[in-house]
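Reader: I have a structure to study, and I should like to understand the terms used to describe it. May I ask about them one at a time?

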Amino acid sequence: MKAKFITLDGIDGAGKSTNLNTIRNWFEKHQLPVLFTREPGGTPIGEALRELLLNPATHANARTETLMIFAARQQHLDEVIKPALEKGIHVVSDRFTDATFAYQGGGRGLPLTDITILENWVQQGFQPDLTLLLDVPLTVAQQRLSQNSHPDRFEQLDAAFFEHTRAVYLERAAATPRRYSVIDSSLNLQDVAQQINQGLAQLFGLDS
Ligand code: TMP
């Protein structure tokens, strides 16, 4: 079986951290080799850029931010993601390029066509086999985020930013439904886990 590249995405407060455990459990149950990683991050360069990107004291404009994210992504692809896939190890990334379209495109307002140019340059056609998109109404996400006493540079942004971010995620999923599994993350944990397991089972042709 060719190793698969799976990404988990969604607005801040959509419940990614909790649901990563569900994904871990599914791979364990099916005894499939898997590597978990994240963006921005996943390499020493990527983690250093992540520090800068998430630090509320950083004043990067939208273009600088986007270039930093794609620099981290290039290194992540070359140093971690592609080598693992070539060894037959499945890769799950906590966020990938959908986040750049949603946050820097939708949220920050950069033209999506500019992001596509960078995507093509860095990825050369490389795309996830499956994107699990956790979707929640803004009110639910904001309520979850309000419990965090140290919000990072993105978590501090306002509801309008996240409305635009969410809209781009959903537009992308609607435009290429074969690649996405859109998960209603406002449901209880068990129902969300069931949807995630179904998405993975369908990709691998195994039971959920
Ligand atoms: P997270 O690890 O909590 O998801 O934090 C990463 C933050 O970085 C999150 O707020 C979204 C943001 N981000 C972007 O704005 N664009 C991107 O391409 C990626 C990967 C993340």
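Author: Please do. Two strands are said to pair if DSSP finds at least two bridges between them. The model is predicted, and its 5 strands form an open sheet in the order 2-3-1-4-5, with parallel pairing.

Reader: Why do strand 2 and strand 5 stand at the edges?

Author: Strand 2 (34–38) and strand 5 (180–184) each have a single partner strand, so one side of each is left without a neighbour in the sheet. From one strand to the next, the twist averages 20°.

Reader: How do you know that strand 2 and strand 3 pair?

Author: The definition asks for at least two bridges. Strand 2 and strand 3 (residues 90–94) have 5 bridges, in the parallel sense, and they therefore count as a pair. Within this part of the sheet, Phe36 stands opposite Val92 in strand 3.

Reader: What makes a contact between Arg50 and the ligand polar?

Author: A polar contact requires a pair of N or O atoms within 3.5 Å. A polar side-chain atom of Arg50 lies 2.7 Å from an oxygen atom of the ligand, so the pair meets the definition. For Thr100, the distance from a polar side-chain atom to an oxygen atom of the ligand is 2.6 Å. In the side chain of Arg73, an N or O atom is 3.3 Å from an oxygen atom of the ligand, and this value therefore also falls within 3.5 Å. Taken alone, the ligand exposes 480 Å², of which the protein buries 93%.

Reader: Which residues are the closest to the ligand, and which elements give two or more residues to the shell around it?

Author: The ligand is surrounded by 14 residues, the closest being Asp12, Arg50, Arg95, Thr100 and Gln104. The space taken by the ligand is the largest pocket. Helix 2 (44–54), helix 3 (62–86) and helix 4 (97–107) are the elements that give two or more residues to the shell. Helix 4 provides the largest share, 4 residues.

Reader: What is notable in the phi of Arg95, and where is Arg95 placed?

Author: Phi of Arg95 is near 80°, a positive value in a residue other than glycine. Arg95 is placed in the loop between strand 3 and helix 4.

Reader: Is the peptide bond from Glu39 to Pro40 cis or trans?

Author: That bond is cis, with omega near -15°. Pro40 belongs to the loop between strand 2 and helix 2.

How values were computed
Residues numbered from 1 in each chain as written. Predicted model: local features only at pLDDT ≥ 70, side-chain atom pairs only at ≥ 80, totals over all residues. Heavy atoms only, no water. Axes fitted to C-alpha atoms, helices over the stretch in contact; angles between N-to-C directions. Near = heavy atom within 4 Å. Polar contact = N/O pair within 3.5 Å; in protein donor to acceptor, adjacent residues only side chain to side chain. Areas by Shrake-Rupley, 256 points an atom, 1.4 Å probe, with all protein chains shown as cover. 1 Å grid on protein atoms, 1.4 Å probe; cavity = no way out; pocket = protein on both sides within 12 Å on 5 of 7 lines; lining within 4 Å. Sits in = over half its atoms within 2 Å of the grid points.
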